[in-house]
Amino acid sequence: YDYNGNFHSGKMNGYGKIVYSDNFFIKSYEGLFYNDQKFYLYGIVKFKSGDVYEGFFDEHFLKSDLGLYSHYDTVNRGSVENYFGEFAKDKKEGIGRFVSLKKRKVLIGKYYAGDKNGIFSLITSKRKLNQ
């Protein structure tokens, strides 16, 4: 991998960017580092699938607190759906907004362990996307 960023006492510390050439899932991580640990507190992860997560991480380097996860269609080069809201242990957990461009809908509600939980508001559009 290639790292470009701050060092302190010979370790990655502070803000930086790491680009992977051999990782199966992750293309890059840009954000805060602490004692050579990435996914520390806040950052942007770009996946080889085209998906992107920008948000906070917990002490186990999992998505937590608040973030935006965007799923991208690599063929059409555009965001297909995204989720902005609360996370815990790498899953949707708490209040969030899910947007699907393909299905032309917005869901707002509460998630538990990655699944919808309770009452959701659904907003849909019948207007077709311009191609």
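These legends walk through several close-up views of a predicted model.

**View 1. The whole protein chain is built from strands.** The protein chain has 11 strands and 0 helices, so by the DSSP runs used here its elements are strands. Following the sequence from start to end gives the pattern β-β-β-β-β-β-β-β-β-β-β. The C-alpha trace spans about 55 × 35 × 20 Å along its principal axes. Of the 131 residues, 31% are buried. The chain exposes about 9,000 Å², with carbon and sulfur atoms supplying 53% of that area. Among contacts between residues at least 6 apart in sequence, 9% join residues at least 24 apart.

**View 2. The largest nonpolar core draws on several strands.** Here we look at a core of 18 residues. Those with the most contacts inside the core are Ile18, Ile26, Tyr29, Phe33, Phe39, Val45 and Phe57. At least two core residues come from each of β2 (11–19), β3 (26–33), β4 (42–47), β5 (52–57), β7 (78–88) and β9 (105–112). Strand β3 gives the most, with 3 residues.

**View 3. Phe39 and Phe57 sit among shared partners.** Phe57 lies in strand β5 and is buried, with a relative accessible area of 7%. Its C-alpha is 6.2 Å from that of Phe39, although the two residues are 18 apart in sequence. Setting aside neighbours within four places in sequence, Phe39 is in contact with Ile26, Tyr29, Leu32, Val45, Phe57, Asp58 and Phe61. With the same neighbours set aside, the contacts of Phe57 are Tyr29, Phe39, Leu41, Tyr42, Gly43, Val45, Leu62, Lys63 and Ser64.

**View 4. Aromatic rings pair in exposed and buried places.** A search of the whole structure finds 16 aromatic pairs. One of them joins Phe24 and Phe25, with ring centres 4.8 Å apart and planes at 85°, so this pair is edge-to-face. Both partners are exposed: Phe24 has a relative accessible area of 68%, and Phe25 has 57%. The rings of Tyr29 and Phe57 are also edge-to-face, because their planes stand at 70°, with centres 6.2 Å apart. This pair links distant parts of the chain, since Tyr29 is in strand β3 and Phe57 in strand β5, 28 residues apart. Tyr29 counts as buried, at 0% relative accessibility. Stepping back, one aromatic cluster is formed by Tyr3, Phe7, Tyr29, Phe33, Phe39, Tyr53, Phe57, Tyr83, Phe87, Tyr111 and Phe120.

**View 5. A salt bridge joins Lys63 and Asp90.** Side chains of opposite charge can pair when their charged atoms come close. The count for this structure comes to 1 salt bridge, in which the side chains of Lys63 and Asp90 meet at 3.3 Å, N to O. Distant parts of the chain are linked this way: Lys63 belongs to strand β6 (residues 63–73), while Asp90 is in the loop between β7 and β8 (91–100), 27 residues away. Lys63 counts as buried at 13% relative accessibility, whereas Asp90 is partly exposed at 33%.

**View 6. Tyr34, Tyr40, Leu41 and Tyr42 make a nonpolar surface patch.** The patch covers about 360 Å². Tyr40, one of its members, is placed in the loop between β3 and β4. This residue, Tyr40, is partly exposed, with a relative accessible area of 32%.

Notes
Residues are numbered from 1 along each chain as its sequence is written. This is a predicted model: local features need pLDDT of at least 70, side-chain atom pairs count only at pLDDT 80 or more; totals for chains, interfaces and linings use all residues. Side-chain values use heavy atoms; hydrogens and water are left out. A nonpolar core is a set of buried Ala, Val, Leu, Ile, Met, Phe, Trp, Tyr and Cys residues joined through side-chain atoms within 4.5 Å. Buried means under 20% relative accessible area, exposed over 50%, partly exposed in between (1.4 Å probe, protein chains only). Helices (H or I, at least four residues) and strands (E, at least two) are DSSP runs, numbered from the N terminus. Contact means heavy atoms within 4.5 Å. A salt bridge is a side-chain nitrogen of Lys or Arg within 4 Å of a carboxyl oxygen of Asp or Glu. Patches are made of residues with over 30% relative accessible area and no salt bridge: like charges are joined within 9 Å, nonpolar side chains (Val, Leu, Ile, Met, Phe, Trp, Tyr) within 5 Å. Accessible areas come from the Shrake-Rupley method with a 1.4 Å probe; for residues, only the protein chains shown count as cover. Rings of Phe, Tyr and Trp (its six-membered ring) pair if their centres lie within 6.5 Å; planes under 30 degrees apart count as stacked, over 60 as edge-to-face and the rest as tilted.
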